[in-house]
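Here's a quick look at a chain through its aromatic rings and its strands. Have the viewer open and follow along.

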Amino acid sequence: MLGEFRKPKIEDWALISSYMHRFPGANCAKAVGNVILWSDFYRVEFMIYKNVLMLRNRTDVTPYRLAFPIGEDDEVRQVISEVMEMAKAEEKKLQFYAVTEDEYEKLEQWFPDIFEIKYDRDSADYIYEVEKLATLSGKKYQAKRNHINRLCAAHEGTWAYEPI
């Protein structure tokens, strides 16, 4: 039996980030700030179960809509196995969201031909390199530079940039 999921609060930052720093992921669902800041909008809840951080996107459709669990591989595999059994017993669908390629490979290795991946372009992450975002150099960022220049021209003299 799983424990109780609960809404993440700022007081949970250290606990959640301790898992995310030890087991980094390359998507927005695995960023502690996003988990806490977007918890109301996306109805995100979390719990620690058997040394594994579990994040749930609570929906009315299924209580088993989870981000890929965060922890040591052996423990994660065991937790997923237990959750699969619970979902099956309750005749509920188990879904994972924000799964990286590496995580999907683990699912395929641990549970061959059980999971189906569906790519949702509307939910895709976009990741910028800090240096490129800071300088906006190159053709790829031309549209962003144009947008900023139009904004500056339209609001000239009404805003200021000041270092903190």
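F68 is buried, since its relative accessibility is just 4%; buried means under 20% relative accessible area, exposed over 50%, partly exposed in between (1.4 Å probe, protein chains only). This is a predicted model, where local features need pLDDT of at least 70, side-chain atom pairs count only at pLDDT 80 or more, and totals for chains, interfaces and linings use all residues. Residues are numbered from 1 along each chain as its sequence is written, and side-chain values use heavy atoms, with hydrogens and water left out.

W110 is buried too, at a relative accessible area of 12%. Ring pairs tie F68 and W110 into a cluster with F96, F111 and F115. Overall there are 8 aromatic pairs in the structure, counting rings of Phe, Tyr and Trp (its six-membered ring) whose centres lie within 6.5 Å; planes under 30 degrees apart are stacked, over 60 edge-to-face and the rest tilted. Here are two of them:

| Pair | Centre distance | Plane angle | Class |
|---|---|---|---|
| W38 and F41 | 5.7 Å | 75° | edge-to-face |
| F68 and W110 | 6.2 Å | 25° | stacked |

The F68 and W110 pair links distant parts of the chain, 42 residues apart: F68 is in the loop between β3 (65–67) and α4 (73–89), and W110 is in helix α5 (residues 101–110). Helices (H or I, at least four residues) and strands (E, at least two) are DSSP runs, numbered from the N terminus.

On to the other pair in the table. W38 is partly exposed at 43% relative accessibility, while F41 is exposed at 60%. Together with L37 and Y42, W38 and F41 make a nonpolar surface patch of about 520 Å². Patch members have over 30% relative accessible area and no salt bridge (a side-chain nitrogen of Lys or Arg within 4 Å of a carboxyl oxygen of Asp or Glu); nonpolar side chains (Val, Leu, Ile, Met, Phe, Trp, Tyr) are joined within 5 Å. The areas are Shrake-Rupley values with a 1.4 Å probe. L37 belongs to helix α2 (residues 32–37) and is exposed, with a relative accessible area of 70%.

Now the strands. Strand β1 (residues 44–49) is largely enclosed by the rest of the structure, because 5 of its 6 residues are buried. It pairs with β2 (residues 52–57) in the antiparallel sense over 6 bridges, where pairing takes at least two DSSP bridges. I48 has L53 in β2 as its bridge partner. The hairpin of β1 and β2 has 2 residues between the strands, and K50 takes a positive phi near 55° there.

Key
Patch = residues over 30% accessible without salt bridge, like charges linked within 9 Å, V, L, I, M, F, W, Y side chains within 5 Å.
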